[in-house]
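Dear colleague,

Please find below the sequence and the structure that I am handing over to you. My findings follow directly after them.

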Amino acid sequence: MRHIAIIGSGPAGYYTAEAAQKLWGDDVRIDIFDMLPVPYGLIRFGVAPDHQSIKGVSRRYEKTALNENVRFIGNINIGEDVTVPELQQLYDSVVLATGAPNDRELTIPGADLGNVIGSAAFVGWYNGHPKFADLNPDLSGKHAVVIGMGNVALDVARILAKTEREFEGADIVAHALDALREAKIETVTIVGRRGPHQIMMTPKELGELGALERASPRVDQSDLPDEAEDALLEPGLRKSVTHLRSFAAIPEDIHAEKPIEIAFDMFASPSEVVGDGAVTALRVERTVVETGRAVGTGEFYDIPADLVVSCIGYRTSPIPDVPFDERMGRFANDEGRILPGIYCVGWARRGPSGTIGTNRPDGNSVVELIREDMDAGVLGRADKAGRDGLDALAAERALDIVTFRDWKKIEQAEEAAAREGAPREKFVDIESMIKARS
Ligand code: NAP
């Protein structure tokens, strides 16, 4: 029997379990750990609440989860409640699928001023992550600035701009919906240090900005390169740039009909957050792009800001006893192998890039690595205790494990509490989640 521990129950974790299950069938036992009592990681806490069709992929993970050879072990913090070396004693291989839950830090002066928020916290807040449920961002100012030209920046800008009606069918948590209802934001400025040909936004997501009820996207025509140059772009990026061109062509009378403006401020590198206690502006330096890099021109200007959300990427959380690559913000690994017997997959392996689907081939390849190491006989004893050993350890330490069956009760309670038209009302604190299973 092969025993595999997977840490993290998001897409990378479940695709790895699916691949292992497919390869070894009844000859494998897989335990999927999560520090929270609820599964699915990024699907629940990262994917925007108004993107329900993307969240539908969790049904596929549930199929894997319901397999008898696969267990969900929620509410256990690996590295604290149980260490990785302890797991290595119990399982043939340990796979870290912990994602990248921490913000890449904004390191400019003033970044610690009030109402300057990282996307991990802001997204966690509107998605009901227990760690960020109490964030309470101040949305009473007129001007929001979102730093970054990726899909997370788009999510944040769109969520700030949507009307309550546009959240119909979304699982945005009540505290965020209440706060957004009272918000006074009139401008959302998306700041990018490079230009239209360097955006990371994908076409479908960017296109959504053009169809908002009360907000219109504004792009400065003079930021756009000569249209002929678009031909050199890869097709996805070319489509995204086409959206920017159509936003630049929106006539003033259409802008005037919409009370919220989502303005793109490109070639603008953040240099300082200005304010006294709380933020009042983001100071940026005008840039030019030279061989793909943003180069400062020495010209600075201030963008008014009552709220700044920095969406500039993520880092993995280190785990005690596991080699970590500080510079890259992920586990030190060679194509997913950290050491024989310890592996990483998904964002914990490659950093925060790609789509949810990218994690599927990632899961297959990490399982291939495990197979290679097993075949090579480098994983030590073949008679590890696996799940029985884990259960004994959990009992000894009085750890309160949340099972998949428990999760289904929590899920039922969330569905029962949903406001009209919404799929669920999430519990936003661990205590309520645990209470709901009984
Ligand atoms: P991202 O796509 O890597 O974009 C990060 C942005 O931050 C880039 O525009 C980058 O600019 C900018 N940036 C980085 N450091 C900066 C700094 N110091 N100052 C100013 N700007 C800075 O990351 P993301 O938006 O966090 O997305 C992460 C992953 O999740 C991506 O693969 C994304 O596609 C995916 N995602 C997908 C969806 C969806 O499909 N609906 C939704 C959300 C996220 P430079 O390029 O100049 O470095």
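In this predicted model, helix α1 packs against helix α13 (residues 359–375) at an angle of about 50°, and their axes are 8 Å apart. The two helices, α1 and α13, are therefore oblique to each other, since angles that are neither under 35 degrees, nor over 145, nor from 65 to 115 count as oblique. The crossing of α1 past α13 is right-handed. On the α1 side the contact involves P11, A12, Y15, T16, E18, A19, A20, L23 and W24. These residues meet N359, R360, G363, N364, V366, V367, I370, R371 and M374 of α13. Sorted by class, the contact of α1 with α13 comprises 11 nonpolar, 4 polar and 3 charged residues.

Helix α1, which spans residues 11–24, also packs against helix α4 (residues 58–65). Here the angle is about 45° and the axes lie 9 Å apart. That angle makes α1 oblique to α4. The crossing of α1 and α4 is left-handed, whereas α1 passes α13 in a right-handed crossing. From α1, the residues P11, Y14, Y15, A17 and E18 take part in the contact with α4; their counterparts in α4 are R60, Y61, T64 and A65. The contact of α1 with α4 divides into 6 nonpolar residues, 1 polar residue and 2 charged residues. P11, Y15 and E18 of α1 appear in the contact with α4 and also in the contact with α13.

Aromatic pairs were examined as well, and the structure holds 12 of them. One of these is formed by Y14 and Y61, with 5.8 Å from centre to centre and 10° between the planes. This pair is stacked, because planes under 30 degrees apart count as such. The pair joins distant parts of the chain, with Y14 in helix α1 and Y61 in helix α4, 47 residues apart. Y14 and Y61 are also among the residues listed for the contact of α1 with α4.

I turn next to the sheets. An open sheet of 6 strands has the order β6-β14-β7-β8-β10-β9, and its pairing is parallel. Its edge strands are β6 (116–118) and β9 (215–218), each of which pairs on one side only. From one strand to the next, the twist averages 20°. Within this sheet, strand β7 (residues 143–147) pairs with strand β14 (residues 307–310) in the parallel sense over 4 bridges. V146 has V309 in β14 as its bridge partner. Helix α6 (residues 119–126) lies across β6 and β14 and runs at about 80° to β6.

Another open sheet has 3 strands in the order β11-β12-β13, with antiparallel pairing. Strands β11 (268–276) and β13 (293–304) form its edges, each pairing on one side only. The twist in this sheet averages 20° from one strand to the next. Strand β12 (residues 278–290) pairs with β13 in the antiparallel sense over 9 bridges. For V284, the bridge partner in β13 is Y301.

For your own inspection, I would suggest beginning with helix α1, given its packing with α13 and with α4, and then proceeding to the sheet of 6 strands and the sheet of 3 strands.

Yours sincerely

Key:
Residues numbered from 1 in each chain as written. Predicted model: local features only at pLDDT ≥ 70, side-chain atom pairs only at ≥ 80, totals over all residues. Heavy atoms only, no water. Pairing = 2+ DSSP bridges. Axes fitted to C-alpha atoms, helices over the stretch in contact; angles between N-to-C directions. Contact = heavy atoms within 4.5 Å. Left-handed = near helix turned anticlockwise from the far one by under 90°. Nonpolar A, V, L, I, M, F, W, Y, C, P; charged D, E, K, R; others polar. Phe/Tyr/Trp six-rings, centres within 6.5 Å; stacked < 30°, edge-to-face > 60°.
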